[in-house]
Amino acid sequence: MRIDILTVLPGLLQGPFSESIVKRGIEKNLVEVHLHDIREFSKDKHKKVDDTPFGGAAGMVLAMQPLHDAITKLQSEREYDEVIFLTPDGKRLNQGRVNQLSLCGNIMMICGHYKGIDQRLRDHIITMEISIGDYVLSGGELAAAVLTDALVRLVPGVIGDEMSALTDSFQDGLLAPPVYTRPAEYNGWKVPEVLLSGNHEKIRKWEEDEALKRTKERRPDLFD
Ligand code: 6GU
């Protein structure tokens, strides 16, 4: 999988990709993540990347020329399965959509800023608009980092069996059951007896019941 991210703040994204799972996926050559600074494409003498909106509304819009040139250059180099705009008015991200997107070869992500991007780019070039939740971030960068992390961990080989992505919360439509580790008693707090029983069938049943109970209590909406 190759992910190209277009941003006016590449520095905001370097940290999240140089640690842990994403770092490992890159080092194993299973994923490529490329950051592109939109400002480098600006033909303005001051390298401006924002512009005022027609109609006189407050705020600024990402300038047309540098963003369109950046997208066009990347599209001339390879075919993209999706050109995703990260924006609070996009479709809300969930595990189902992450699973679908994880099958892509090449993904382009565009980080929104200011009041967003020109609607004509959304109409003609963007293929998918994604929000990561009902709250406002200062820009699309952190959302792109979230989406990239969620995708990379599903690429075969990036995470080992010991962390199996298939047992994550949401992957089977339920929250994950509680987990315990040694010692079996700590500070007077005991691990549920069944987990020490060695009876794998019983343990699986217990985990299933706990996952159901937890989902009913915390996220009844997941049953809708
Ligand atoms: Cl994708 N962008 C911004 N700016 N805010 C958000 C978001 C995206 N998703 C939730 N809030």
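**Figure 1. Close-up of the ligand's nitrogen contacts, beginning with S131.** A nitrogen atom of the ligand sits 3.4 Å from an N or O atom in the side chain of S131. This counts as a polar contact, meaning a pair of N or O atoms within 3.5 Å; between two protein partners, one atom must be able to donate a hydrogen and the other to accept it, and residues adjacent in sequence count only through two side-chain atoms. Turn to I132, and a polar backbone atom there is 2.9 Å from a ligand nitrogen. For Y135 the partner is again a polar backbone atom, with a ligand nitrogen 2.5 Å away. On its own the ligand has 290 Å² of accessible area, and the protein covers 96% of it (Shrake-Rupley method, 1.4 Å probe; for residues, only the protein chains shown count as cover).

A quick note before the next view: the model is predicted, with local features needing pLDDT of at least 70 and side-chain atom pairs pLDDT 80 or more, while totals for chains, interfaces and linings use all residues. Residues are numbered from 1 along each chain as its sequence is written, and side-chain values use heavy atoms, leaving out hydrogens and water.

**Figure 2. Close-up of the shell around the ligand.** Who are the neighbours here? The ligand is surrounded by L86, T87, P88, I130, S131, I132, G133, Y135, L137, G139 and A143, each with a heavy atom within 4 Å of it. Strand β5 gives the most to this shell, with 3 residues (strands are DSSP runs of E, at least two residues; helices are runs of H or I, at least four; both are numbered from the N terminus). Sorted by class, the shell has 7 nonpolar, 4 polar and no charged residues. Nonpolar here means Ala, Val, Leu, Ile, Met, Phe, Trp, Tyr, Cys and Pro, charged means Asp, Glu, Lys and Arg, and the others, Gly among them, are polar.

**Figure 3. Close-up of helix α6.** This helix runs over residues 141-152, so to speak from E141 to V152. Its 12 residues reach 16 Å from the first C-alpha to the last, close to the 16 Å expected (1.5 Å times one less than the number of residues). Is α6 mostly covered or mostly open? It's mostly covered, with 9 of its 12 residues buried (buried is under 20% relative accessible area, exposed over 50%, partly exposed in between, with a 1.4 Å probe and protein chains only). Among the buried ones are E141, A143, L147 and T148. A143 also turns up among the residues surrounding the ligand.

**Figure 4. Close-up of V152 in α6, and of I5 in β1.** V152 belongs to helix α6 and is buried, at a relative accessible area of 0%. Its C-alpha is 28 Å from that of Y114, a residue 38 positions away along the chain. I5 has its place in strand β1 (residues 2-7) and counts as buried too, at 0% relative accessibility. Although I5 and A144 are 139 residues apart in sequence, their C-alpha atoms are 7.7 Å apart in space.

**Figure 5. Close-up of some backbone oddities at F170, P183 and N187****.** Most residues other than glycine have a negative phi, and most peptide bonds are trans. F170, in the loop between α6 and β8, has a positive phi, near 80°. It is partly exposed, at 35% relative accessibility. P183 is in the loop between α6 and β8 (185-186) as well, and the peptide bond leading to it from R182 is cis, with omega near 0°. N187 lies in the loop between β8 and β9 (189-190); its phi is positive, near 60°. N187 is exposed, with a relative accessible area of 59%.

**Figure 6. Close-up of the two domains.** The domain assignment, automatic or from a database, gives domain 1 (2-152) and domain 2 (168-223). Taken over C-alpha atoms, their centres are 37 Å apart.
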